Amino acid sequence: MPGPLDGIRVIDLTRILAGPFSTMLMADLGADVIKVEQPETGDPARGNGPFLSPEGAETDEQAFSTYFMSINRGKRSIAIDLANPKGREVLLRLAETADVLIENFRPGSMQRLGLDYEAVRTRNPRIVMCSVSGFGQTGPYAQRAALDVIVQGMGGMLSITGEPGRGPVRPGASIGDITAALFATIAIQSALLERERSGEGQYIDIGMLDCQVSIMENAFMRYFTLGQVPQRIGTRHPSSTPFQAFQTADGYVVVAIMGGGTDQWPLFCAAIDHVELMDDARYLTGWSRTQHYEELIPVIEEAMLQKTTAEWVEVLNEMGVPAGPVQDIAQVAGDPQVNHREMFVDLDHPALGPVRFTGNPIKLSRTPSGPRRVPPQLGEQTIEVLTADLGMTEEEAAALLNEGAVA
């Protein structure tokens with residue numbers, strides 16, 4: 001069954017994480033993603049460990065980067081030397097056949113190569129071109145290099161992540177890269193939809209720092225309206241209590257009770273054997289409980305130590321109080337709900353055999369999404385793209401190979 005983006009071709013010049021994650025999502029949704037890489041080295045992510053070697057491998061060159069594999073499934077790889085004029089012409093010919101071109105070079109790089117939006121649009125007025133960079137294409141920081149943790153720091157995320165009185169803590173996922181990838185994907189789909197009305201493509205400028213600011217909505221609203229500068233508060237919520245992780249007899253459990261006007265708070269009080277808290281005026285709403293956090297939380301913490309995580313999850317969920325275990329990655333991998341939702345998918349790798357990948361969370365009723373093919377080896381589809389997609393003869397493709405324009 002074709003995916004919802006079947007028939008959409010994406011030329012992917014991105015590297016490392018933000019761009020490749022976006023194009024992976026589009027490949028999962030059925031787009032034909034042609035990953036353009038530098039000959040010999042390819043996407044620098046190919047050099048990121050840890051590595052997985054086929055059984056019987058004798059050299060390190062036969063190892064596969066698990067980092068690269070995790071975000072490049074479903075794509076075809078062509079190696080093009082963009083410093084070579086004939087290589088650039090190959091890319092422009094590909095752009096003529098494409099709906100989308102996405103890149104994440106330093107601002108100005110595409111223009112210096114003669115591959116900026118104006119050049120690409122001249123060859124294909126319907127193309128949607130997206131640039132993903134640390135700070136966007138304009139502004140005083142535009143030429144700075146930026147990786148995930150830098151934009152998390154500059155965007156405020158690190159200032160509110162961690163324990164009170166302690167230093168900044170990086171979240172366990174690359175929030176700076178992934179949010180930029182998601183916003184880029186949304187923007188591209190929006191531009192493709194608009195193209196159906198106007199018949200024209202357009203240019204998209206995604207800055208990772210912009211994306212960090214966007215997802216910090218509540219923190220900035222509190223600052224702009226109340227003058228409060230949010231601080232690190234661990235796992236707790238700034239405006240509702242209890243809404244955090246609690247230690248249990250054998251691990252941790254998360255309890256999340258929002259606001260007031262529900263029966264969850266009285267039920268929770270009954271569950272922890274502190275019915276005297278139900279009608280205490282200090283604790284009637286999530287906000288009022290937050291104002292008296294220092295008095296209330298020690299009582300809850302002591303109570304939560306009396307049962308195991310599994311016992312609390314069962315008791316609280318049966319009562320309708322939102323609760324869940326804090327699971328490590330191995331526990332998530334075995335979680336029955338996650339597996340029922342097909343969030344792990346096995347694909348057959350020609351060198352490694354069956355490899356398990358994360359699935360796609362987008363569930364569509366008619367046009368399914370999900371991993372369709374393993375990540376490509378560097379330049380694996382170069383000849384295929386030149387001949388089948390661009391209509392070159394085998395002799396023309398061989399000439400480009402000999403001249404080093406492609407590999």
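**Helix packing around α7, and the cysteines**

Good morning. I begin with C269, which counts as buried because its relative accessibility is 0%. Please bear in mind that this is a predicted model.

I turn next to helix α7, which spans residues 175-198, and to its packing with helix α1, residues 18-28. The axes of these two helices lie 8 Å apart, at an angle of about 45 degrees. That angle makes α1 oblique to α7. The crossing of α1 past α7 is right-handed. On the α1 side, the contact is made by A18, F21, S22, L25 and M26. On the α7 side, the contributing residues include I178, A181, L182 and I188. By character, the residues of this contact comprise ten nonpolar, three polar and one charged.

Helix α7 also meets helix α8, residues 208-215, where the axes come within 9 Å and cross at roughly 95 degrees. The two helices are therefore roughly perpendicular. Here I175, G176, D177, T179, A180 and F183 of α7 face M208, C211, Q212, S214 and I215 of α8. This contact divides into six nonpolar residues, four polar and one charged.

C211, one of the α8 residues in that contact, brings me back to the cysteines. How many disulfides does a search of the whole structure find? The search finds zero. For C211, the nearest cysteine sulfur belongs to C130 and is 9.4 Å away, whereas a disulfide requires the two sulfur atoms to be within 2.5 Å. C211 is also buried, because its relative accessible area of 5% falls under the 20% cut-off.

Thank you for your attention.

Technical notes:
Residues are numbered from 1 along each chain as its sequence is written. This is a predicted model: local features need pLDDT of at least 70, side-chain atom pairs count only at pLDDT 80 or more; totals for chains, interfaces and linings use all residues. Side-chain values use heavy atoms; hydrogens and water are left out. Axes are lines fitted to C-alpha atoms, for helices over the stretch in contact, and angles run from 0 to 180 degrees between N-to-C directions. Helices (H or I, at least four residues) and strands (E, at least two) are DSSP runs, numbered from the N terminus. Angles under 35 degrees count as roughly parallel, over 145 as roughly antiparallel, 65 to 115 as roughly perpendicular and the rest as oblique. A crossing is left-handed if the near helix is turned anticlockwise from the far one by less than a right angle, and right-handed if clockwise. Contact means heavy atoms within 4.5 Å. Ala, Val, Leu, Ile, Met, Phe, Trp, Tyr, Cys and Pro count as nonpolar, Asp, Glu, Lys and Arg as charged, and the others, Gly among them, as polar. Buried means under 20% relative accessible area, exposed over 50%, partly exposed in between (1.4 Å probe, protein chains only).
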